[in-house]
Amino acid sequence: MKKTTVMIVDDHAIFRMGLASLLGTAKDITVIGDAGDGETAVKKALKLRPDVVIMDFLMPGVDGAEATRRILAEWPEAKVVIFTTYDSANGIGHALDAGAKGAIVKKAEFDDLLDAIRAVAAGGTFISPEIAQVLKSSPATAPLSPRQADVLELVTLGLSNEDIAYKLGITAPVVRDYLKTTFAKIGAANRAEAVAIAMRKHLLKI
């Protein structure tokens, strides 16, 4: 079984050590590195190329959003999960807009973090319920069509285009077309950004 490689970024060394120890108990995950600040995180991520980067949001100097942006500028295939206590919709939204594929609060259950890692590693997204609620705090805008909303809601669950197609009784190319039109409608560049925008603007029922 191929293990998902993970790098942990947090400015608290004890936290990094504890999380690495916990992740070491998962048979399908291996921690290959860590960093204590955003600047180091960028350099190490580009060198080690982990499958998933667990990224703290609030760090001295380069924060999680900027580190995510820099990593993705050099390595677009990176999968970043924001792991934070930060509860600002604007701040978390910036991290997702930068290209993070997921966001989860540090008080979440360990199994939720595992789910987040596995979801983004498989090409999906993962937004914890607490952060979803925070993202909904921004003003509403024009609604999505019912089918666009259905597709985007399934994206928030980390489903692939093929899985979404199966659930909705349509084809994967049709799902791609719905996502393309949805991205254009709300000004999103990717799946994670579309979810962040839709939640901030109350476009989803979840």
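Strand β1 (residues 4-9) pairs with strand β3 (residues 52-55) in the parallel sense over 4 bridges; strands count as paired if DSSP finds at least two bridges between them. Helices (H or I, at least four residues) and strands (E, at least two) are DSSP runs, numbered from the N terminus. The model is a predicted one, in which local features need pLDDT of at least 70 and side-chain atom pairs count only at pLDDT 80 or more, while totals for chains, interfaces and linings use all residues. Residues are numbered from 1 along each chain as its sequence is written, and side-chain values use heavy atoms, with hydrogens and water left out.

Within the pairing of β1 and β3, Val6 stands opposite Val52, and Met7 has Val53 as its bridge partner. On its other pairing, β1 is joined by 6 bridges to strand β2 (residues 29-35), and these two run parallel. There, Thr4 has Ile29 as its bridge partner. The connection from β1 to β2 involves helix α1 (residues 13-23), and the three elements make a right-handed β-α-β unit. A crossover is right-handed if, with the strands pointing away from the viewer, the path from the first strand over the helix to the second runs clockwise.

Strand β3 is also joined to strand β4 (residues 79-84), by 4 bridges in a parallel arrangement. Val53 has Val80 as its bridge partner in β4. Between β3 and β4 the chain passes through helix α3 (residues 64-74), and this β-α-β crossover is right-handed.

Next comes the burial of these strands. In β1, 6 of its 6 residues are buried, buried meaning under 20% relative accessible area, exposed over 50%, and partly exposed in between (1.4 Å probe, protein chains only). Thr4, Val6 and Ile8 point one way from β1, whereas Thr5, Met7 and Val9 point the other way. In β3, Val52 and Ile54 point one way and Val53 and Met55 the other, and all are buried.

The structure holds 9 salt bridges, each being a side-chain nitrogen of Lys or Arg within 4 Å of a carboxyl oxygen of Asp or Glu. One of them joins the side chains of Asp34 and Arg16 (2.8 Å, N to O). Because Asp34 lies in strand β2 and Arg16 in helix α1, this pair ties together parts that are 18 residues apart in sequence. Asp34 is partly exposed at 31% relative accessibility, whereas Arg16 is buried at 15%.

Another salt bridge links Glu39 to Arg70, with the closest N and O atoms 3.2 Å apart. Glu39 lies in helix α2 (residues 38-48) and Arg70 in helix α3, so the pair ties together parts that are 31 residues apart in sequence. Arg70 also forms a salt bridge with Glu66, the closest N and O atoms being 3.1 Å apart. Glu66 and Arg70 both lie in α3, 4 residues apart, about one turn of the helix. The relative accessible area is 37% for Glu39, 32% for Arg70 and 27% for Glu66. Glu39, Glu66, Arg69 and Arg70 are linked in a network of salt bridges.

Further along the chain, Gln148 lies in helix α7 (residues 146-156) and is buried, with a relative accessible area of 9%. Its side chain makes a polar contact with the side chain of Thr181 (3.4 Å). A polar contact is a pair of N or O atoms within 3.5 Å; within protein, one must be able to donate a hydrogen and the other to accept it, and residues adjacent in sequence count only if both atoms are side-chain atoms. Leaving aside neighbours within four places in sequence, Gln148 is in contact (heavy atoms within 4.5 Å) with Tyr178, Thr181, Thr182 and Lys185.
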